Amino acid sequence: MKSLADRPVNPVVGIPVSHESVAGHVTGTALYTDDMIVSSSNVLHAWPVQAPHAHSRILDLRTGPALKVPGVVRVLSASDVPGVNDAGIKHDEPLFPSEVMFYGHAVCWVLGESLEAARLGAEAVEVDYEPLPSIVTLEEAIEAESFQGNRPTVARGEPDKALDSAPHRFSGEFQFSGQEHFYLETHASFAYLDEGGQVFVQCSTQHPSETQEIVAHVLNLANHDVTV
Amino acid sequence: MECGACAVLVARPDGPDRSRWTSVNACLPPALAFDGQEIITAEGLGNVSDACTPEDLHPVQREMADRGGSQCGYCTPGFICSMAAEYYRPERSPAEEDRETGTAVVGEEHATDHECGPNGFDLHALSGNLCRCTGYRPIRDAAYALDLPAESDPLLDRQNRPAPAPRHTRVSGEAEFLRPQSLDEVHAVLRNNSDVKLVAGATDLGVEVNLRHSRPPLVLAIDRLDELRSLTFSADSIEIGAALTLSEVERALDGRIPLLGHLFPQFASRLIRNAATFGGNLSTGSPIGDSAPVFLALDARVVLSSTEGEREVPLSEYYTGYRQSVRKPHEMLRAIRIPLPLAESTAFYKIAKRRFDDISSVSVAIALQLSAGVVRSVRIGLGGVAATPIRALATEEALVGRPWTPETVAAAAAVMAGEGTPIDDMRASSLYRSAMLRQALLKFHAENVEELEVAQ
């Protein structure tokens, strides 16, 4: 009888297989999103104007000074959105906010012929903010009863009763910080209109379908007009 | 920042007649700093035009490919270059005993641990390269699988010839870049201009430019000036040129200053040490620069030079405030002098959130000389507990002249906990910093008590 440990004549499992892109990786020839810039012409660069408050209302946004910076082509703000001003999939993340919801929130984006021009343009944009109260720690959020999303409870049996009769009971608190996955490739998107007038986006994302949905609703296009 | 993904190989001088493939971060130095130099990137190592067959790959590339050393591939070219630099390191040789077992040698204490493959590959050659998806094990497997380079390898042969001579580069536009030919030329430029950035490895300036968008109007590259690149030993001192990289000083000292030997493995990463200089680390004046506490403990003096000549200032009197010093705008730090003899017992403790490649929360350097069980002299340098690096003078006073006993040390450790004016910030709380000061002295005593008993 054939043993499970016997190998078939032409095995597939158990044979080392190299990563399909590995030759490009180890020779440095694999292309990443920001490599597209150097092989394309007339690329515009975008730089965000970031809010210096955790929570604030935008009272006024003056983009005029940015347009005087050499190389600045345009400043994108809420009035430029032909579709829905939302950069999420649950319609709770305005692309161009009127209310700043976190420190560093991009309030508008400056387009320039070079990254440097866009950055200097963003520095020139004038924004008036009215700072609002902010909740930044867990303790503050609990105290203010500011909870987000579902609050699932997992229970089994009768925990209160079991605890009451337990010979030892310990209680305490501990804290630990979160950690975002620190991927090395920096966030970058490269977008252009293809020969059929459709939007083509190359993006360093793990969510191409969400990106497609967002780009389509911001631009008021059907999803099939956007390729990511 | 400084993930190492952009690492490249540069042919740097290795003495007057040889060169050495040295891995550095390409994102930090100005491109003009390499005018006339030889650089090899991951693209240049193999036969890129048709890298579809294993024969076209460089041995380093082949091992990384065969052993699953890449996933998203973004960090891979940097790993390839750091690995190639170690592959060609002239001192690398398989150790006989390791060859038997084929396992890594792991040191006992982290400050000096040496993780080395059976092929002599120092794993810390990769400490400046971050990977966030493959994991480091297959990368280590690739590193440890490397053979010695073939004798016919052209890149190995390249190391037998001198590095390209520096060029007298001068480029001006909105900003100006200049590589002066002599120290006198640097002095003259400093005398005639108010806003000059001197650059050697650019490991600090590069961050300022990339992340804080600093745009210095005039940058002077001084990393190849002979006057700044000598290491001289005399009867009463050792002088370290300001523009020698840490890796170069490490090789040239070869353990002659044990306290610096403690520092090197804890100072950033190999990629940074291949570019960074002590002159730069002391000149930026950061209170958490790692070398200042060490040089304070060594009682070092800095040599400042200018058109007016030279003057020597004790490092303990050099800093006057946060990133401020007694150096005048037209002066530059030419060298660091360490008086001899050296204290016999030394340590450097770097307390940071990660074992390597991190910024100190607190750093402590200690140099102790005992005589018949009594503290004859002690100098303690501290980083991260004040606006400048400082000496723990009150603690030193609580130790000197007293017997090196647990009682003396406990009392001095209590004093140590009160040194400086530590603050709460993102790296650590003031309480934690203070606790680490106390603990550092207790640890030093624990590490140095047995020797004392033997000596008695």
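Reader: How much area is buried between chain A and chain B?
Author: In this predicted model, the contact takes 20 residues from chain A and 24 residues from chain B. Carbon and sulfur atoms give 62% of the area buried between the two chains. That area is about 1800 Å².

Reader: Which three residues of chain A supply more of the area that chain A buries against chain B than any other three?
Author: Together the three supply 35% of the area that chain A buries against chain B. They are A:Val26, A:Thr27 and A:Leu184.

Reader: Which helix gives the most to the side of chain A that touches chain B?
Author: Helix H1 (22-26) and helix H3 (115-124) of chain A each supply at least two residues of that side. The one that gives the most does so with four residues, and it is H1(A).

Reader: Which residue of chain B forms a salt bridge with A:Glu116?
Author: The count between chain A and chain B is one salt bridge. A salt bridge requires the nitrogen and the carboxyl oxygen to lie within 4 Å. Here the closest N and O atoms are 2.6 Å apart, and the partner of A:Glu116 is B:Arg215.

Reader: What are the edge strands of the open sheet of five strands in chain B?
Author: The sheet has the order S8-S9-S14-S10-S11, with antiparallel pairing. Each edge strand pairs on one side only. The edge strands are S8 (231-233) and S11 (309-314) of chain B.

Reader: Which residue in S11(B) stands opposite B:Ser305?
Author: Strand S10 (residues 301-306) of chain B pairs with S11(B) in the antiparallel sense over six bridges. Opposite B:Ser305 stands B:Glu310.

Definitions and conventions
Residues numbered from 1 in each chain as written. Chains lettered and ligands numbered in written order. Predicted model: local features only at pLDDT ≥ 70, side-chain atom pairs only at ≥ 80, totals over all residues. Heavy atoms only, no water. Pairing = 2+ DSSP bridges. Contact = heavy atoms within 4.5 Å. Buried area = accessible area lost by both parts, 1.4 Å probe. Salt bridge = Lys/Arg side-chain N within 4 Å of Asp/Glu carboxyl O.
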